[in-house]
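Got your viewer open? Load the model, switch on side chains, and keep the selection box handy.

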Amino acid sequence: MPALKGVDVSSFMVCKNTGYAKDSYHVYYPLWVVCEDAMDFGGCYFKDYIMEDVSPESFIYIGQGYATDGYKLFKEGKEVNNLTIK
């Protein structure tokens with residue numbers, strides 16, 4: 001898997017036991033998993049890590065796959081309507 005480019009290593013944090021991570025510039029989540037199967041090798045890797053239009057300063061994980069930046073609600077890296085939470 002290629003290294004993430006443009007990551008601020010000094011502020012990079014992983015939210016333990018979730019797919020979320022953030023630095024001072026972006027929030028990351030593996031939004032697209034690519035799997036390859038071949039005779040000699042195979043495997044999966046992630047692409048499209050950066051979540052768009054998310055405030056990393058206020059981003060927090062709130063549990064059960066949900067996270068928020070105080071403005072929007074996300075489930076597993078994708079924005080959801082907060083009215084759909086049960």
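Here is a short tour, stop by stop.

This is a predicted model, where local features need pLDDT of at least 70, side-chain atom pairs count only at pLDDT 80 or more, and totals for chains, interfaces and linings use all residues. Residues are numbered from 1 along each chain as its sequence is written, and side-chain values use heavy atoms, with hydrogens and water left out.

**Stop 1: the core**

Select Y20, V27, Y29, M51, V54, F59, A67 and F74: these eight residues are the largest nonpolar core. A nonpolar core here is a set of buried Ala, Val, Leu, Ile, Met, Phe, Trp, Tyr and Cys residues joined through side-chain atoms within 4.5 Å. Buried means under 20% relative accessible area, exposed over 50%, and partly exposed in between (1.4 Å probe, protein chains only). In soluble globular proteins, nonpolar side chains tend to be buried together.

Now click on M51. Leaving aside neighbours within four places in sequence, M51 is in contact (heavy atoms within 4.5 Å) with Y20, V27, Y28, Y29, F74 and G77.

**Stop 2: the rings**

How many aromatic pairs does the structure hold? There are five. Rings of Phe, Tyr and Trp (its six-membered ring) pair if their centres lie within 6.5 Å; planes under 30 degrees apart count as stacked, over 60 as edge-to-face and the rest as tilted. Show Y20 and F59: their ring centres are 5.3 Å apart and their planes sit at 50°, so this pair is tilted. The pair links distant parts of the chain, 39 residues apart, with Y20 in the loop between β1 (13-14) and β2 and F59 in the loop between β6 (50-51) and β7 (60-63). Strands (E, at least two residues) and helices (H or I, at least four) are DSSP runs, numbered from the N terminus.

Y20 is buried at 2% relative accessible area, and F59 is buried at 6%. Add Y61, which forms another tilted pair with Y20, 5.9 Å centre to centre and 50° between the planes. Y61 sits in strand β7, 41 residues from Y20, and is partly exposed at 31%. To see the whole aromatic cluster, select Y20, Y29, F59, Y61 and F74.

**Stop 3: a buried charge**

Next, pick D23, in the loop between β2 (21-22) and β3 (27-28). What is the nearest side chain of opposite charge to D23? That is K22, 9.2 Å away, and D23 is buried yet has no salt bridge. A salt bridge is a side-chain nitrogen of Lys or Arg within 4 Å of a carboxyl oxygen of Asp or Glu; Lys and Arg count as positive and Asp and Glu as negative, while His and the chain ends are not counted.

Turn on distances, and you'll find a polar contact of 2.7 Å between the side chains of D23 and Y28. A polar contact is a pair of N or O atoms within 3.5 Å; within protein, one must be able to donate a hydrogen and the other to accept it, and residues adjacent in sequence count only if both atoms are side-chain atoms. The backbone nitrogen of H26 also lies 2.7 Å from a polar atom of the D23 side chain.

**Stop 4: E57 and T68**

Hop to E57, in the loop between β6 and β7. E57 is exposed, at 63% relative accessibility, and its side chain makes a polar contact of 2.9 Å with that of S55.

Finish at T68 in strand β8 (residues 66-68), which is buried at 18%. The T68 side chain reaches the backbone oxygen of K72 at 2.7 Å, and one of its polar atoms lies 2.9 Å from the backbone nitrogen of G70.
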